[in-house]
Amino acid sequence: MARSFLQVAAAEEVAPPLRVVQIEGLVMLKIIKHCKEFSPALVTGQLLGLDVGSVLEVTNCFPFPIQEEDEEIEADGANYQLEMMRCLREVNVDNNTVGWYQSTMLGCFQTAELIETFLNYQENIRRCVCIIYDPSRSNQGALAFKALKLSDSFMDLYRSNNFTGEKLREKNLSWVDIFEEIPVKVSNSALISAFMTELEPDTPVTQRDYDRLQLSSSPFLERNMEFLIECMDDLSVEQQKFQFYYRSLTRQQAQQQSWLQKRRDENKARKAAGEEPLPEEDPSNPIFKPIPEPPRLESFLIANRIANYCNQINGCRHCCHYNYYYCCYLLPLLLLLLVVLATIRCYCSFCHCFCCWLLLILLLPLSIVGGGGGGGGDGEDDDDDDDDYYYYYYYYYCSY
Amino acid sequence: MAASDRTVLQFGPSSAVTSNITAKVHPLVIFNISDCYVRRPDQAERVIGTLLGSVLPDGTVDIRNSYVVPHNEFSDQVALDIEYHHTMLKSHLKVNPQEVIVGWFSTGLGVTGGSALIHEFYCREVPNPVHLTVGTGFRNGEGTVKAYVSVNLSLGDRQLAAQFQEIPLDLRMIEAERVGFDILKSTSVDKLPSDLEGMEVLMERLLTLINDIYKYVDDTVEGHAVPDNSVGRILSETVASLPKLSPPAFDKLVNDSLQDQLLLLYLSSITRTQLSLAEKLNTAAQMP
């Protein structure tokens, strides 16, 4: 049904919820390059793009220069931003800010500054997103891109400065509800996809795969554990603050009760004596002063960080586990290749058949083949040992 | 004419410098150029811009970044927005002072007359700039990226022309490999692969590789394929590079590290439990 212009203008715009962030391959490469160049320093940059329905398209970005703590450089930073956006406008790049990106070191990005920045951006832009890129995790072979935004309920609560325990319980808000992670989609223009397909044909194994296959994940795990332990310390400090608060609150209430009791007794005595009863409340008495509740934001953020580290450790462990399993699977396979190579020299068809057979055994699920490599009278003593620790690892894997 | 008056037109690489230059291009540059080409204004046939990067100590030109510069091209005249070029250069230098101008690029195959003029302008900015052409036409289904350096052809004292000589170009796709080619090649990818999915794909690829090797060795043994000694040597080197551990030692090694990791997993599960407990304590505690 056709609506008049007035009707459409008068109708309130209901923004569909943000469901996916669509990034261009160009933006990903730019972010990766910028973050990697300056790692381990943390860098930020601006995201440009379009806000279309429930998809936030990020089509370009530019990095921010690293700012020193000087006052006059602040104005410089704003100038830089304006200039960049003006220049990019001239070459038909989308001039619309949709958020910012920042690099992080092993995932400790949930800070109060992030929330402040979000709120600043939210004042001007209806929908903004923050992309977090972790160059240290990418060195392990995973692509650590995350798109985050603050959840609406958290934002309302934070803005109204009502961050107390009761309010949180009311809205049922816990530390998982602060940040919302939005799924990321990647898109490329047809031209660039044609270029990539032509310039780089399908390679079986790439650099990223080599990074992922590295068995030495211990430095990464170590750093994760270090950060985790620090965060736990911080969390315990926050917990102590809460404990202290509750204890003093209880103590204060006990004091109030005893004071009230004394007042009541006094009043009874006065009534008996026929005098005016004293008021039962005395705001000037210090024991009636309400104790300020410690802010909960920090403990929520710490909880977020800890959860992140735990997830990273879990994910890393998963990959390593597979690494080890396949490593001990592949090692004897390669040893057998050596045997095969030896047979190239002597062209012994009997050996060859035997090796074929062994390989077949290795490639089939081990539980199916019973006594395995016993056949063939070549006297390969390694065999039994090989199969023994195969079963061991298979059992290990299954039992886990 | 006296012999001393005779002059010779010099062709070919006249100086050792030109013959040693190679260029390395990062994938970001290609992406940037394609994106600018797609967004060019309607009346422009090609886009032109500046290349940023650095010159490595061994003489290779490392092209790392680029930005497009608006320009206007008439029949034999070219107008380049020089102020824009300088503004963008300043902005880029603020972020990364090491990336300086190393040349310029243009889309479209071949070098035209206008290009020579632009190249002269860039020669004034930096000595010996590199000219990169990115062919976006895809005629014959090919997209070509070529790099040129210009050499002045002189007859005696007179400048005749500038000859653009092609220099070897190295496309370093290491960053693109980091992102993953399957993400960069298709026009849309619905979701970034998670750790485990990536692992799965990787294992499949590795198994394919090993199957290929096995097939090759098989064929060579049976006599179907011609045995190549160098390949055989590489294979034997690879296999020999595995550390020689006795099975019990290897056993113990893998077991120990697996146990460590299981311990870490246990710790992280405990931590997660602790977190939910802390949350309950913090918000659910009711005061009378």
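# How the labels are earned

Tutor: Let us begin with chain B, where, among contacts (heavy atoms within 4.5 Å) between residues at least 6 apart in sequence, 58% join residues at least 24 apart. This is a predicted model, in which local features need pLDDT of at least 70 and side-chain atom pairs count only at pLDDT 80 or more, while totals for chains, interfaces and linings use all residues. Side-chain values use heavy atoms, with hydrogens and water left out, residues are numbered from 1 along each chain as its sequence is written, and chains are lettered from A and ligands numbered from 1 in the order in which they are written.

Student: Which residues does Lys24(B) contact, leaving aside its neighbours within four places in sequence?

Tutor: Beyond those neighbours, Lys24(B) is in contact with Leu56(B), Thr60(B), Val61(B), Asp62(B), Ile63(B), Asp170(B) and Arg172(B). Lys24(B) itself belongs to strand S1 (residues 23-25) of chain B; helices (H or I, at least four residues) and strands (E, at least two) are DSSP runs, numbered from the N terminus.

Student: Why is Lys24(B) called buried?

Tutor: Buried means under 20% relative accessible area, exposed over 50%, and partly exposed in between (1.4 Å probe, protein chains only). Lys24(B) has a relative accessible area of 16%, and therefore it counts as buried. Across the 288 residues of chain B, 43% count as buried.

Student: How do you know how many disulfides there are over all chains?

Tutor: A disulfide is a pair of cysteine sulfur atoms within 2.5 Å, and by this rule the count over all chains comes to zero. Take Cys35(A), whose sulfur has its closest cysteine sulfur in Cys61(A), 9.1 Å away, and therefore too far for a bond. Cys35(A) is buried, with a relative accessible area of 0%, whereas Cys123(B), at 35%, is partly exposed.

Student: What makes Arg86(A) and Glu90(A) a salt bridge?

Tutor: A salt bridge is a side-chain nitrogen of Lys or Arg within 4 Å of a carboxyl oxygen of Asp or Glu. The side chains of Arg86(A) and Glu90(A) meet at 3.7 Å, N to O, and the pair is thus a salt bridge. Side chains of opposite charge can pair when their charged atoms come close. Because these two residues are four apart in helix H3 (residues 72-90) of chain A, about one helical turn separates Arg86(A) from Glu90(A). Arg86(A) is partly exposed at 45% relative accessible area, and Glu90(A) is partly exposed at 40%.

Student: Why is the pair of Glu73(B) and Arg46(B) said to tie together parts of chain B?

Tutor: Their side chains form a salt bridge at 3.1 Å, N to O. Glu73(B) lies in strand S4 (residues 71-73) and Arg46(B) in the loop between helix H2 (27-38) and strand S2 (48-55), so the pair ties together parts that are 27 residues apart in sequence. Glu73(B) is partly exposed, at 35% relative accessibility, while Arg46(B), at 10%, is buried.

Student: How many salt bridges does the rule give over all chains?

Tutor: The count comes to 15 over all chains. One network of salt bridges links Lys33(A), Glu37(A), Asp62(B), Arg64(B) and Glu99(B).

Student: What makes Asn128(B) a residue worth pointing out for its phi?

Tutor: Phi of Asn128(B) is near 60°, a positive value in a residue other than glycine. Asn128(B) sits in the loop between helix H4 (113-125) and strand S7 (130-134) of chain B, and its relative accessible area of 34% makes it partly exposed. In chain A, Asn92(A) has a phi near 65°, a positive value in a residue other than glycine, and Asn92(A) lies in the loop between H3 and strand S4 (97-103).

Student: Which domains does the domain assignment give for chain B?

Tutor: Domain bounds come from an automatic or database domain assignment, which gives domain 1 (23-171) and domain 2 (244-279) in chain B. Taken over C-alpha atoms, the centres of these two domains are 54 Å apart. As for one pair of residues, Lys24(B) and Ala249(B) are 225 residues apart in sequence and, C-alpha to C-alpha, 45 Å apart in space.
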